[in-house]
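Thank you for making time this morning. I would like to walk through a few places in this structure, and I will try to keep to what can be read from the coordinates.

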Amino acid sequence: MAEISKSYEPRDVEKKWYGAWLEAGAFAGNAKGEGVEPYTIVIPPPNVTGVLTMGHVLNNTLQDILIRRARLEGFSALWVPGTDHAGIATQTVVERELRKQKQTRHDFGREKFLEKVWAWRQEKGGIILEQLRRLGASCDWDRTQFTMDPHYSRAVLTVFVDLFRKGNIYRGKRMVNWCPVSQTALSDEEVIMKPVNGTIYRVRYERVDVPGQFVEVKTTRPETIPGDVAIAVHPDDPRYAGWIGKKVRRPIGPAAEIPIIADASVDREFGTGALKITPAHDKVDFEIGQRHGLPAVDVLHANGVLNELAGPELAGVERFAGRKKAAELLRERGALVAEEAYANNVGYSERADVPIEPRLTWQWWLRYPRIEEAKAAVRDGHIRFHPERWSKVYLHWLENIQDWCISRQLWWGHRIPVWYRKGLDKEKLSEADLADPAQVHVSLEGPADPENWVQEDDVLDTWASSWLWPFATLGWPDAAAMERAGLKYFYPTTTLVTGPDIIFFWVARMIMAGLEFMGPAEPLPARGNGRPATVAPRLTESELKARIPFRHVYFTGIIRDQQGRKMSKSLGNSPDPLDLIDKYGADGLRFGIISIAPQGQDIRFQEDRIEGGKNFCNKLWNACRFRQMSGEAGDNSALAAIVARLEASKFDADDHAILDRLLATTREVARCFREFEFSAAVQGLYGFFWNDFCDWYVEVSKSKLQDPATKANCLAIQDLVLRQTLLLLHPFIPFITEELWQQLGYGAAGRFVEDARVEDEEELVDVLQAGGVGVDTAAVASVEKLKAFVSQARALKAEHNLASRRDVKLFVIAAEGDWNVLAGNLAKLTRMIGAAELTRRDSVEGAPAVVTPLGTVYLDLASTVDAGAERIRLTREIEQITKHIAGTETRLANPAFVSKAPPAVLEGARKQLADQQAKKAELERLLKALG
RNA sequence: GGACCUUUAGCUCAGUUGGUUAGAGCGUUUCCUUGACAUGGAAAAGGUCACUGGUUCGAGUCCAGUAAGGUCCA
C-alpha cells in the first residue's frame, strides 16, 4: 500500500474520488424491495441562470450530509437534482443581453426569442450543477430534471387543466402588482416592502358650490390626481358634516368635478381625514370605488409612463418625473398647500427592484386546494419543521391566504393551455364563457381545429411549476414514468432542506399540491370544462400521511457577511465558493460552513472558520499517517476483525478512556442527526478527534508503541478509533475520508466507505463485548486525573520558563493509591510532561510545587527558585481557593439546600468542599515551607 | 400595528429537561522546527452571561417587563 503523503492536497483527492463514485454509479437511487427503507431528498432546484453562492453551499452540503448518512445507515437513498426555469429571472437575463445590442424581445417575436433563451440555457444552464459536483454533492445525476422538460411541462399543464375543471382556476379583472419594467403581473409574494424616504404633498380641492372653500388631502402620489374620481371622508367626521354629496374640482388633469363621498373605512386620524380616491392606482381606493360604483381611470401605460388620460401636460412623462411635474402644476395653480418629508413602505418588484404599480388587469387566479389539510399536516406533526417555530409563520400565512395570481405576461415559461374561440372578447369573459367548451378550450393537446382558436398569451408563474417538484420529478403524471422512477417507493420524500425565505413561495405550495394530487388517480371530467361547485371531501389522516410531499423540513439560516448584511451579487460581498474550494478544498469548505451554521440562526460568514475546516482535514490526514507509520496494517477488513485484534488483558486506563469517548461521540452524532443539529455534530467530532484522540491518545501511544507487549493492542485501538471516526465524519467530509479509508484498508477491498454501515453505539458495544472488551469507567475517571496532572506539571514548568526543557526532574508527594496510578503510567507521563524523571518523595523543601488530583508535584529547582515570586503565586492561589471554599460552605450551611437538593448534588458539594480544603491545606503547607 | 429571533471572552458563536470554578474557534501574550501534523504543540491572559424584577435551596438556563439590534407579515 502506498504511503500517505506528508501533506494533504485536496484537489487530487477530490477529483479522483468523485470520478470513481460516478463511474461506479454510487449515487444511483434504486427502489429496493421490502425491508429496505427509502430516504429521499429532492433538491431545491436552483435557477437555471444561477451560479453557486454560499447559500447553495450550505444548503446542498446539508442535503449531501443527510443523504450520505442515510446510505451509511442502510437506507436506499435518493437525491434528485435539477434546475428551475425561473421565468422572470431568466427572461430578464436574456433580455439584458439583447439590450446590449440595442434589441428587445419584440424585435424577434415570441418563437425566435424563446429559441434564444433555450440556446442560452443550453450554454449556461449546466454551470451550477457542475459546481455542485465540485462540492461533492452525491445527487443521482441520471435523474437531473428541468422544470421545462417535456414530461415536467406535461405535469404542469395537467395540473392547470385539472384545477381549471375543478373550478379552482378562474380569470378575473383585479388589482395586481404590476412591474413596469418586466411588464408583468406579480404575486404578492414577489413584492418586497421597503421603507422609502419620500415626500407627502398636501393638496387642496376647491368646492364647486362654494368657491374659496377647499378640502385638503395628503398624498405621496400627486401624478395620479388625474385619475381621482372622488374624495372620501368618514361619515361621522364632524369636520365634513354637510360636505358629503357636494363636488370638488380635480386640480390637475382633464377638468372634472368629483364627488365627496362617505365611507366608513376612511381613517379619520390620518392627515386631514379626507382621502383622494384613485381606483385604478390603489388597492384600497379600488375597493372603495367598487362600493360606490365609481369608475377606475387608469392614467398610466403598462411601462409606467403617464397616458393621455393624465392630461396634455403629463401625458408621455415617466411616472417619477410625472410626480415632480404634477407637484409643479399644483403649485402653479395654488393647489399645493405644503410638502413634507415622509417615510413610508413601498412595494418593490423582487426581480427588477423598482416600485410596483397596483394595476387593474385581467389575470388568471388560483384558489388554493387543500388549505385546511395543509394546516393540519403541519399542526398535527405529520410534517415537522426544524426549527419548529417556522410552523407558526406557515400557519399564519395559510390563515390569511389570498388567491394566487398565476399568470405572467412573459414568454419564457409554461404557456397557459387555454384557447379562446376566435372573436371572443377576452376583456368580457364571464364564468359562463369559462364553463362553455364552445367558447373556451382547455386541454393539454389544444383544440382539434386550431384555426378557429387563439391561445392565451400568458405563461404560468414559475412557482406554479416548482410546487409540483417532489412528485413531478418522480415521473408524475405518467404511469410508466412513475413506475420507472419509483414514485411509489420514494414518495413521500423524507427531508426538504431550504431557506425560510421561500416558505410561502414554495414549501407551503408544495404541501398543498402534494395533498391535492398524490391521491389515487381521480379521473378528470373527460369532456367539457367541468367546473363543479362541489368541494372535495376532507382527507383522512392516513390519506394525509400518504400524500404529504416530505416529512421533515429543515430551514437553514441565511448567510451574511461580517457586517451582518445579506450576501448579494450587487453588494459584491459574497465570496465565490469555487475560490474557497481551490483554497481550502471542498471538504474544508463543507466542514467550515457546517461548523458555523447552528440550527435556525443566521450565519455570519468567517473565512477563518473555513480555514479551520481545512486544518481539521489536515489533522485527520496526519493522524492517519501516524497510524500508518507506526506499524504494519493488521486485518482491518471489518469492525469485528479489528476488535478481534484487541487484547483486553493489556488495556490500560487510556485504552478504556478513548473507547469510552468513542462510544459517547457515536451516541452524540446519532442524536445530532435525529435533532438536525449538524454544527453540534461537527463540533463534537472535532473535540473528540483533536483533543481526546490526537492530543491525548496518540501522544500516550508513542510510549505504548515502544513496548512490544502493548504495541499490537495500541495499533488495534487506533484502527478501531480511526475507522469509526472516518465513518462518522464521512457525510461531512466525504473526499478525504474516502481516501484515508482506502489507504488504511478499512472495509472490504474495492468498496467505498458508503458500502459499509455506520454502527450505532449499541452495535459498537455489542461487537466489543463479543470480542471480550468492556469499558472500565473507573479507569476512565483516572485518565481525567492523569490529564490534570500532566497539564499542571507542564504549567509549573512553563511558569519557571522551562517549558521546552526535557531534562528536569520532578518529585511528587502522593498518597499510596495516587502514586500507584502514577507509577503505572510513568513512561507516558514523563514523555508528556517533558521530564527526565518522576520520583516519589516523602518530603521536599523549598522547591516550587503545584497541587494536583494525584499529589503535589515539585520541580527540582530548590537552589535557583525565586522564593518571592513563588510566595506571591501561592498566596494568589490560596486566595482563590479560599473564595471557592467560602462559596461551597455557604451553600452547605443553608438548611434549605441541605434538605431540598437531590442527594447526588449534596454529595457532590460535600466532596467538593473536602477536596478544596485539602488543596488549601497543601498550598498553605507549601507556602510555609518557603519560609 | 402584529409575530418571531438575537443580546455570553477583543471578534464570531456553543452552552440539550435549572446543579462543581460558564466553554470552543479565531485573535492576543510567552515558549517550542521534539521523527503524524508549524495547516502543528505547550502554557497563559481575557466574561458582574444586555438591564430590572420574579419563581427556586440554587438561574446564563424558567417567568414578566425594559432597552438595543435584526427578520417576516400587515
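Thr 498 sits in strand 22, which runs over residues 493–498, and in this predicted model Thr 498 is buried, with a relative accessible area of 1%. If we set aside the residues up to four places away in sequence, Thr 498 touches Pro 44 and Asn 59, then Trp 506 and Val 507, and finally the run of Val 553, Tyr 554, Phe 555 and Thr 556.

A second buried position is Ala 377, which belongs to helix 9, residues 371–379, and has a relative accessible area of 0%. Which residues are in contact with Ala 377, leaving aside its neighbours within four places in sequence? They are His 382, Ile 383, Leu 544 and Ile 548. To give a sense of distance, Ala 377 and Trp 243 are 134 residues apart in sequence, and their C-alpha atoms are 54 Å apart in space.

Let me turn to Arg 221, which lies in the loop between strand 8 (214–219) and strand 9. Is Arg 221 buried or exposed? Its relative accessible area is 17%, and since the cut-off for buried is under 20%, Arg 221 counts as buried. Its side chain makes a polar contact, at 2.9 Å, with the side chain of Glu 357, and Glu 357 also appears in the set of residues that Arg 221 touches beyond four places in sequence, together with Lys 276, His 281, Leu 300, Arg 323 and Pro 358.

The loop that holds Arg 221 leads us to strand 9, residues 230–233, where Ala 230 and Ala 232 point one way, Ile 231 and Val 233 point the other way, and all of them are buried. In a regular strand the side chains alternate between the two faces of the sheet. As for its partners, strand 9 pairs with strand 12 (residues 274–277) in the antiparallel sense over 4 bridges, and there the bridge partner of Ala 232 is Leu 275. Strand 9 also pairs with strand 11 (residues 257–262), here in the parallel sense and over 3 bridges, with Val 233 standing opposite Ala 262.

Glu 357, the polar partner of Arg 221, brings us to strand 14, which covers residues 357–366 and pairs with strand 5, residues 169–179, in the antiparallel sense over 10 bridges. Within that pairing, Arg 174 stands opposite Thr 361 of strand 14. Both strands belong to an open sheet of 4 strands, ordered 6-5-14-16, in which the pairing is antiparallel. Strand 6 (184–186) and strand 16 (404–405) are at the edges and have a single partner strand each, so one side of each is left without a neighbour in the sheet.

Further along the chain there is another open sheet of 4 strands, this one in the order 27-26-29-28 and with mixed pairing. Its edge strands are strand 27 (835–840) and strand 28 (849–852), each of which pairs on one side only, and the twist from one strand to the next averages 25 degrees. Strand 28 pairs with strand 29 (residues 855–859) in the antiparallel sense over 4 bridges, and Val 850 has Val 857 of strand 29 as its bridge partner. Helix 28, residues 826–833, packs on this sheet, touching strand 26 (808–813) and strand 27, and its direction makes about 130 degrees with that of strand 27.

Finally, the RNA. How many residues surround RNA strand B? There are 47, and the closest are Gln 606, Asn 618, Asn 622, Trp 690 and Lys 900. By class, this surface has 16 nonpolar, 14 polar and 17 charged residues. Several helices each supply at least two residues, among them helix 10 (390–399), helix 22 (678–704) and helix 31 (903–929), while the largest share, 11 residues, comes from helix 19.

On the RNA side, 65% of the atoms of strand B within 4 Å of the protein belong to sugar or phosphate, and the rest to bases. Individual polar side-chain atoms show both kinds of approach: that of Asp 608 lies 3.0 Å from a sugar or linking oxygen, that of Asn 894 lies 2.9 Å from a sugar or linking oxygen, and that of Lys 619 lies 3.0 Å from a base oxygen.

Notes:
Residues numbered from 1 in each chain as written. Chains lettered and ligands numbered in written order. Predicted model: local features only at pLDDT ≥ 70, side-chain atom pairs only at ≥ 80, totals over all residues. Heavy atoms only, no water. Pairing = 2+ DSSP bridges. Axes fitted to C-alpha atoms, helices over the stretch in contact; angles between N-to-C directions. Contact = heavy atoms within 4.5 Å. Buried < 20%, exposed > 50% of the residue type's maximum accessible area, 1.4 Å probe, protein only. Near = heavy atom within 4 Å. Polar contact = N/O pair within 3.5 Å; in protein donor to acceptor, adjacent residues only side chain to side chain. Nonpolar A, V, L, I, M, F, W, Y, C, P; charged D, E, K, R; others polar.
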